Amino acid sequence: MCDYVINIASGCLHGCTFCYVPSTPAIRTRTSQFQEQGIDNPQLDWGKYLFIRENIASQLKQILDKKKKWINTLSGKGVVLLCSGTDPYQNNQTAKITREIVSILLEHNKRIRILTRSPLWINDLDILCHKNVTVGMSLPILDDELSRQIEPFAPLPSSRYKALASGHREGCRLYVAVAPTPPQMKLEDFKRHLEKVMALQPEVIFWEAINARGANAQRMRLAGLDFADSISCKKQWAEYSIAN
Ligand code: SF4
């Protein structure tokens, strides 16, 4: 997906139950910071904390002004991804920082890939409708009710779909992450979903299963998601992944 990643924050207020970012070193290595902030269990409290890197735009500018070499692999194409471990448009503060970062990257003629669950990017169409930028939204389902259980604090899928449709109308380069698919989504549902996504003419659609990592199965259980047990069993997980 990229050769570089910029994560503008640690933590993510969308608090998706399946999210495995809290099991990564980006969160696991911050024990002392969490203790200082009174966060006892960063795994189970995922979605309740956000540490924004407020100076990241000025730091990026300084780095890019000096940088001579740029990695440009066959698969990554020199692209900078925002973000892999948080949502760049999760609220107005992160949206402001993301806008600054995108502007700096474009000034340096870099290619950018946005990945978000929030429609706030629509406010930045003036800079995002650019040949060097692709905007991706995670849209695993279009069922707003089910979404409240799975990704409780993220904007509703219906609002994400509307944002993608607006971007499409404005000529924005788009991609869609059908990720992750809940096990109750059967082949017919998946086909219907794909048809709706295809109507937006994204350049790429990619898919992912729910992967049990760290404490996400526990968070899914606490959210009342019955499929958490099957996701945690290797054999059942394989059957669900193949079926999807
Ligand atoms: S939006 Fe992405 S980073 Fe944030 S909680 Fe959901 S899956 Fe994790």
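Colleague: What does Leu82 touch, not counting residues up to four places away in sequence?

Modeller: In this predicted model, Leu82 touches Ile6, Ile8, Pro88, Thr98, Ile101, Ile112 and Ile114. Each of these counts as a contact because its C-beta atom lies within 7 Å of that of Leu82.

Colleague: What makes the set around Leu82 a nonpolar core?

Modeller: A nonpolar core is a set of buried residues of certain types, Leu and Ile among them, joined through C-beta atoms within 7 Å. The largest such core has 32 residues, and Val80, Leu82, Ile101 and Ile112 touch the most other members. Elements that each supply at least two residues include strand S4 (79-82), helix H4 (92-107) and strand S5 (111-116). The largest share, 5 residues, comes from H4.

Colleague: Which residues does the second, separate core include?

Modeller: Among its 16 residues are Cys12, Ile150, Ala228 and Ile231. Cys12 is also one of the residues around the ligand.

Colleague: Why are Cys12 and Arg117 listed around the ligand?

Modeller: Both are listed because the C-beta atom of each lies within 6 Å of the ligand. The shell also includes His14, Asp87 and Glu151. Its residues divide into 5 nonpolar, 3 polar and 3 charged.

Colleague: How do you know how compact the chain is?

Modeller: The chain has 11 helices and 8 strands. Its radius of gyration is 18 Å, close to the 18 Å that the globule rule gives for 244 residues, so the chain is as compact as a globular protein of that length.

Colleague: What share of the 244 residues is buried?

Modeller: Buried residues make up 36%; the test is 20 or more other C-beta atoms within 10 Å.

Notes
Residues are numbered from 1 along each chain as its sequence is written. This is a predicted model: local features need pLDDT of at least 70, side-chain atom pairs count only at pLDDT 80 or more; totals for chains, interfaces and linings use all residues. Helices (H or I, at least four residues) and strands (E, at least two) are DSSP runs, numbered from the N terminus. The radius of gyration is taken over C-alpha atoms; the globule rule is 2.2 Å times the number of residues to the power 0.38. A residue is buried if 20 or more other C-beta atoms lie within 10 Å of its own, exposed if 12 or fewer, and partly exposed in between; C-beta atoms are placed from the backbone. Ala, Val, Leu, Ile, Met, Phe, Trp, Tyr, Cys and Pro count as nonpolar, Asp, Glu, Lys and Arg as charged, and the others, Gly among them, as polar. Two residues are in contact if their C-beta atoms, placed from the backbone, lie within 7 Å.
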